[in-house]
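Here are a few short exercises to work through with the model open beside you. Try each task before you read its solution.

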Amino acid sequence: MPLAYRLLSPMTRQDSRNPSGGGVNSPAQPDLQRIRLAAVRLSSVDLRQAEFLDDAERRLARTFASQVQRERFLAGRIALRGHAAEAAGVDVRDLQVDYVCRECIRDDHVRGMPRYQAGPRKVTVLASLSRAGDWCLLAASTDGQVLGVG
């Protein structure tokens, strides 16, 4: 899977001169060692790598009526798994996925915010995926203190 871009994230922090909360948030300097971001063209993802996805992810893909939607869903999940593996420094086969949806009544662990357990040390990888047309934006971090990922 080609990693199309490595992007910076505009995080913010509260202005310390006005701790009451009425001030303007100013940009913080992102720590690129704590978060990995990438943009990936979904049509460039090898769908044969779907074999590395969990059975539940492949079953969910089959529920899409449109072949284009089904393939984009699979491509996004494949890209996210590869991105999370890179963040953790492990092979994609060494990831165990767990999706947590706070809004669903289902407990199927295939919808919602993605988390991975990586390798024998069970490092937690928080991840995020956003799709728009043929592109997706990926974020992954092994630092649980990074806000907005996972």
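A residue counts as buried when its relative accessible area is under 20%. Keep in mind that this is a predicted model.

**Exercise 1. Find what share of the chain is buried, and describe its exposed surface.**

Solution. Start with the cut-off above: buried residues make up 33% of the 150 residues in the chain. Next, turn to the surface, where the chain exposes about 9,200 Å². Carbon and sulfur atoms supply 49% of that area.

**Exercise 2. Decide where confidence in the chain is highest and where it is lowest.**

Solution. Begin with the whole chain: its mean pLDDT is 78, and 66% of the residues reach 70 or more. Then go element by element. Helix H2 (residues 67-88) has the highest confidence, at a mean of 95, while strand E1 (residues 12-13) has the lowest, at 44. Over residues 1-16 the pLDDT is below 50, and this stretch has 48 contacts in the model beyond near neighbours in sequence.

**Exercise 3. List the order of helices and strands along the sequence.**

Solution. First count the elements: there are two helices and seven strands. Reading along the sequence then gives β-β-β-α-α-β-β-β-β. To finish, look at the contacts with a separation of 6 or more: 55% of them join residues 24 or more positions apart.

**Exercise 4. Check the length of H2 and inspect its two ends.**

Solution. H2 has 22 residues, which should span 32 Å at 1.5 Å a residue. Its end C-alpha atoms are 32 Å apart, so the length agrees with the expected span. At the N-terminal end, Ser66 acts as a cap, with a side-chain oxygen 3.2 Å from the backbone nitrogen of Val68. Past the other end comes Gly89, which has a positive phi near 75°.

**Exercise 5. Place strand E5 among its partners and sort its residues by face.**

Solution. Take the partners first. Strand E4 (residues 95-100) runs antiparallel to E5, joined by six bridges. Strand E6 (residues 123-132) is also antiparallel to E5, with four bridges.

Now follow Ala118 of E5: Leu95 is its bridge partner, and Val123 in E6 stands opposite Ala118. The hairpin of E5 and E6 has four residues between the strands, and Gly119 takes a positive phi near 65° there.

Last, sort the faces. In a regular strand, side chains alternate between the two faces of the sheet. In E5 (residues 113-118), Pro114, Tyr116 and Ala118 form the covered face, whereas Met113, Arg115 and Gln117 form the uncovered one.

Conventions: Residues are numbered from 1 along each chain as its sequence is written. This is a predicted model: local features need pLDDT of at least 70, side-chain atom pairs count only at pLDDT 80 or more; totals for chains, interfaces and linings use all residues. Side-chain values use heavy atoms; hydrogens and water are left out. pLDDT is the predictor's confidence in each residue, from 0 to 100. Contact means heavy atoms within 4.5 Å. Buried means under 20% relative accessible area, exposed over 50%, partly exposed in between (1.4 Å probe, protein chains only). Accessible areas come from the Shrake-Rupley method with a 1.4 Å probe; for residues, only the protein chains shown count as cover. Two strands pair if DSSP finds at least two bridges between them. The expected span of a helix is 1.5 Å times one less than its number of residues. A polar contact is a pair of N or O atoms within 3.5 Å; within protein, one must be able to donate a hydrogen and the other to accept it, and residues adjacent in sequence count only if both atoms are side-chain atoms.
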